Amino acid sequence: MPGGFGGALDQSPCPCGGGAYGSCCGPLHRGDQLAETAEQLMRSRYSAFARGEIDYLLVTHPEPDVPAQQRRNSLEQSCRQPRWLGLTVLAVSGGGPRDLEGTVQFEARYRGGVLKETSLFQRRDGAEDGPWLYVGALHLEC
């Protein structure tokens, strides 16, 4: 099957709510595309948590002070524990195709509750053409 399991032909709903996974977050997870905006990166990271795309989560949130295996183990647990049910973007500030920084406020619903977060995103090395990266939560409520 061209594209393999979960590849471009994957027409299942994307966890972020943006259409078919194979044409929404799938190309970002496979490395075929980079996120063009902070919101697109946030949505793709939510989908990565929902689908267990650990490598994508690692690449889009560098933490040089935390050992790689510790990060991987923590992410694996974060992907397994909650059952993610849906995403609502509440507000976006900056984070456009020509911006260097942006914030996205969202609610991520999971079985048993709602995670509310305002996330900070920046371009790698402050370069206008650098990939978007998740920097961290500015505000978090569970």
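In this predicted model, the second largest pocket holds about 180 Å³ of space. Its lining is made up of 13 residues, and those closest to the centre of this pocket are Leu34, Tyr56, Val59, Thr60 and Pro131. Helix H3 (54–59) and strand S4 are the elements that give two or more residues to the lining of the second largest pocket, and strand S4 spans residues 132–141.

The largest pocket encloses about 580 Å³ of space. Among its 26 lining residues, Arg45, Phe49, Leu75, Ser78 and Glu117 lie nearest the centre. At least two lining residues come from each of helix H2 (38–51), helix H4 (68–80), strand S2 (101–110), strand S3 (113–123) and strand S4 (132–141), and of the contributing elements H4 gives the most, with five residues.

The two pockets can be set side by side by volume and by the classes of their lining residues.

| Pocket | Volume | Nonpolar | Polar | Charged |
|---|---|---|---|---|
| Largest | about 580 Å³ | 16 residues | six residues | four residues |
| Second largest | about 180 Å³ | nine residues | three residues | one residue |

Strand S2, which supplies at least two residues to the lining of the largest pocket, also takes part in strand pairing: strand S1 (residues 84–94) and S2 run antiparallel to one another and are joined over nine bridges. Within this pair, Leu87 stands opposite Ala108 in S2. S1 and S2 form a hairpin in which six residues lie between the strands, and Gly95, located in the turn, has a positive phi of about 75°.

Note on methods: Residues numbered from 1 in each chain as written. Predicted model: local features only at pLDDT ≥ 70, side-chain atom pairs only at ≥ 80, totals over all residues. Heavy atoms only, no water. 1 Å grid on protein atoms, 1.4 Å probe; cavity = no way out; pocket = protein on both sides within 12 Å on 5 of 7 lines; lining within 4 Å. Points joined across faces, edges and corners; volume = space filled by probe spheres on them. Helix = DSSP H or I, 4+ residues; strand = E, 2+ residues; numbered from the N terminus. Nonpolar A, V, L, I, M, F, W, Y, C, P; charged D, E, K, R; others polar. Pairing = 2+ DSSP bridges.
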